[in-house]
Amino acid sequence: MSRTAVLTDAQWARLGPLLPSSDGRRGRPFRDSQRVVEGIIYRYRCGLAWRDVPSEFGPWQTLWKRHRRYAGDGTWDHVLAALLVDEARVRA
């Protein structure tokens with residue numbers, strides 16, 4: 001595992017299906033969602049500015065735009081709610 005690996009395969013298996021896809025949208029398809037989400041997590045975990053996120057996550061502009069889109073359209077709220085429901089089911 002590299003120092004920039006943020007999510008395990010099991011974590012991504014729970015998170016990935018909750019994120020919107022670019023299928024059916026006009027324009028360029030989304031970059032690899034896992035790497036972009038890992039870049040966003042890495043940025044917050046390390047307390048970096050967007051421009052300082054390592055390039056292996058992709059262009060910082062992509063990370064910023066995707067984070068902004070997900071925050072604006074409620075995707076992060078939906079993801080959090082779904083993961084909390086999942087966790088409550090597991091613990092019950």
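**Helix packing, a pocket and an aromatic pair**

In this predicted model, helix α2, which spans residues 33-46, and helix α3, which spans residues 60-72, have axes that come within 9 Å and cross at roughly 90 degrees. The two helices, α2 and α3, are therefore roughly perpendicular to each other. On the α2 side, the contact is made by Ser 33, Val 36, Gly 39, Ile 40 and Tyr 44, while α3 brings in Thr 62, Leu 63, Arg 66 and His 67. Sorted by class, the contact of α2 with α3 has 4 nonpolar, 4 polar and 1 charged residues.

Helix α2 also takes part in a pocket. The second largest pocket has a volume of about 160 Å³. Its lining is made up of Leu 7, Gln 11, Leu 15, Val 37, Ile 40, Ile 41, Tyr 44, Trp 76, Val 79, Leu 80 and Leu 83. Three elements give two or more residues each to this lining: α1 (9-15), α2 and α4 (75-91). By class, the lining residues of the second largest pocket divide into 10 nonpolar and 1 polar, with no charged residue among them. Readers following individual side chains may like to note that Ile 40 and Tyr 44 line this pocket and that Ile 40 and Tyr 44 of α2 also belong to the contact with α3.

Aromatic rings offer another view of the structure. A search of the whole structure finds 3 aromatic pairs. One of them joins Tyr 42 and Phe 57 in a tilted arrangement, with 5.2 Å centre to centre and 40 degrees between the planes. This pair links distant parts of the chain, as Tyr 42 sits in helix α2 and Phe 57 in the loop between α2 and α3, 15 residues apart.

Definitions and conventions: Residues are numbered from 1 along each chain as its sequence is written. This is a predicted model: local features need pLDDT of at least 70, side-chain atom pairs count only at pLDDT 80 or more; totals for chains, interfaces and linings use all residues. Side-chain values use heavy atoms; hydrogens and water are left out. Axes are lines fitted to C-alpha atoms, for helices over the stretch in contact, and angles run from 0 to 180 degrees between N-to-C directions. Helices (H or I, at least four residues) and strands (E, at least two) are DSSP runs, numbered from the N terminus. Angles under 35 degrees count as roughly parallel, over 145 as roughly antiparallel, 65 to 115 as roughly perpendicular and the rest as oblique. Contact means heavy atoms within 4.5 Å. Ala, Val, Leu, Ile, Met, Phe, Trp, Tyr, Cys and Pro count as nonpolar, Asp, Glu, Lys and Arg as charged, and the others, Gly among them, as polar. On a 1 Å grid over the protein atoms alone, a cavity is a set of points where a 1.4 Å probe fits but cannot get out, and a pocket is an open set with protein on both sides within 12 Å along at least five of seven lines; lining residues have an atom within 4 Å of a point. Grid points are joined across faces, edges and corners, and a volume is the space filled by probe spheres set on the points. Rings of Phe, Tyr and Trp (its six-membered ring) pair if their centres lie within 6.5 Å; planes under 30 degrees apart count as stacked, over 60 as edge-to-face and the rest as tilted.
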